[in-house]
Amino acid sequence: MTPLLTAVLGVLLVASPEEAPEGRFSVVPFVLPAYQPETSFLLGGAASLIYQPPASRGGRESQVMLAAAASTRGQFTLLLQPDVNLLDDRLNLTATASAARFPDRFFGMGARTRTEDEEDFTPIFFELELSPKWRIAPRLYVGPTVRYQHARFTYVSEDGAVRRMTGAEGGSTVQFGLTALYDSRDNTLNPVTGLVARLNLRRARDAWGSDYVFDVLRLDVRRYLTLPWGQRHVLAVQGLVDLRDGEPPFYDTGRLGGMELSRGYLEGRFRERQHLGAQVEYRAPLFWRLGGVAFVSAATVARSPRDFDMRDIKPAAGVGLRFAPMTDVPVNLRLDIAYGNEPSFYLNVGEAF
């Protein structure tokens with residue numbers, strides 16, 4: 001999913017009914033302004049069809065989201081994303097269908113690219129992904145994944161580096177793989193305890209109709225700890241391992257930066273096949289409906305695992321404010337100020353992770 005839609009999807013949760021009746025369907029529309037360095041100011045709108053199962057069943061809610069967003073940089077995204085729980089929560093079905101036009105910036109590959117090498121390019125992406133997962137143990141879901149992505153470029157600099165990259169001609173990627181999800185969080189919107197781990201293993205092969213042949217291993221682990229000296233004082237920790245083998249297109253490699261893991265860096269400022277990152281965030285209430293956070297992160301990219309170099313680690317740090325628009329819904333509006341290789345600020349909905 002592009003970062004353009006992250007803010008849009010978060011508001012669906014804020015706008016959900018305060019107390020859904022038993023077995024009720026509801027439709028929730030909304031609009032949202034936001035800001036982040038990759039997009040500048042953007043405006044999004046969406047509608048969500050939500051199903052709340054009867055309280056006596058104790059099941060998880062299901063929802064189908066339709067969202068669209070456009071930014072002042074000429075970016076737009078359209079997304080359809082169902083997340084449905086069936087068979088008394090024994091089956092979780094997630095899918096994504098999206099289209100995006102996303103004018104972007106390219107600095108080259110690797111952890112030592114120069115700011116002066118920046119060049120513009122404009123890709124258009126179409127993506128379909130389907131992932132049914134079965135519960136095989138308490139809080140553990142496993143299932144297959146299929147992903148299709150098609151890319152084409154409407155603008156590439158005539159003499160720029162993008163034209164020399166694998167994937168410069170666009171094309172299609174077809175991947176099959178396995179997804180595993182473990183989730184023990186007390187709340188999926190703004191957890192204070194628990195752990196969530198997502199493992200994705202995918203392969204792209206020309207025999208399946210893919211123009212590119214490569215493998216992906218992505219592990220994202222997040223831990224939430226309630227601290228002993230006050231209510232809702234939380235230490236949140238995230239670790240990311242994102243590895244590729246083979247010849248992926250340059251636009252489908254690890255991207256350091258953005259409004260989540262490496263705040264303070266433009267998303268994609270550094271990119272390569274391998275991407276490692278970690279961050280720690282301290283969250284605390286302030287007064288009334290306001291809260292504050294402080295965070296630090298470190299991440300790097302490399303062409304192969306043996307090329308990782310401690311000198312290439314990109315540190316970042318920042319602080320932020322949180323505002324709870326609804327006292328009984330644990331979702332915050334957030335304003336973050338971060339410094340990595342340049343000062344950046346982010347206005348959005350929901351926590352960074």
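Which residues touch the most other members of the largest nonpolar core? Select F106, F121, F153, V162, F214, F250 and Y251, which do so within a core of 14 residues. A nonpolar core here is a set of buried Ala, Val, Leu, Ile, Met, Phe, Trp, Tyr and Cys residues joined through side-chain atoms within 4.5 Å. Buried means under 20% relative accessible area, exposed over 50%, and partly exposed in between (1.4 Å probe, protein chains only).

The model is predicted: local features need pLDDT of at least 70, side-chain atom pairs count only at pLDDT 80 or more, and totals for chains, interfaces and linings use all residues. Residues are numbered from 1 along each chain as its sequence is written, and side-chain values use heavy atoms, with hydrogens and water left out.

**The cores**

Next, colour the strands β7 (119–137), β8 (140–156) and β11 (214–226), each of which supplies at least two residues of the largest core. The largest share, 3 residues, comes from β8. Strands (E, at least two residues) and helices (H or I, at least four) are DSSP runs, numbered from the N terminus.

Now centre on F214. Leaving aside residues up to four places away in sequence, F214 touches T173, Q175, R202, R203, A204, R205, D245, G246, E247, P248, P249 and D252. Contact means heavy atoms within 4.5 Å.

Then select A111, Y265, F270 and V301, which are among the 7 residues of a second, separate core.

**The hairpins**

Show β3 (residues 62–71) and β4 (residues 76–86), which pair in the antiparallel sense over 8 bridges. Two strands pair if DSSP finds at least two bridges between them. V64 has P82 in β4 as its bridge partner. The two strands form a hairpin with 4 residues between them, and G74 in the turn has a positive phi of about 85 degrees.

Add β5 (residues 91–101), which runs antiparallel to β4 and is joined to β4 by 9 bridges. T77 is bridged to A100 in β5. This hairpin also has 4 residues between its strands, and L87 takes a positive phi near 55 degrees.

**A pocket**

Finally, select N190, R232, P285, A324 and N332, which lie nearest the centre of the second largest pocket among its 24 lining residues. On a 1 Å grid over the protein atoms alone, a pocket is an open set of points where a 1.4 Å probe fits, with protein on both sides within 12 Å along at least five of seven lines; lining residues have an atom within 4 Å of a point. β16 (290–302) is one of the strands that supply at least two lining residues, and β16 gives the most, with 4 residues.
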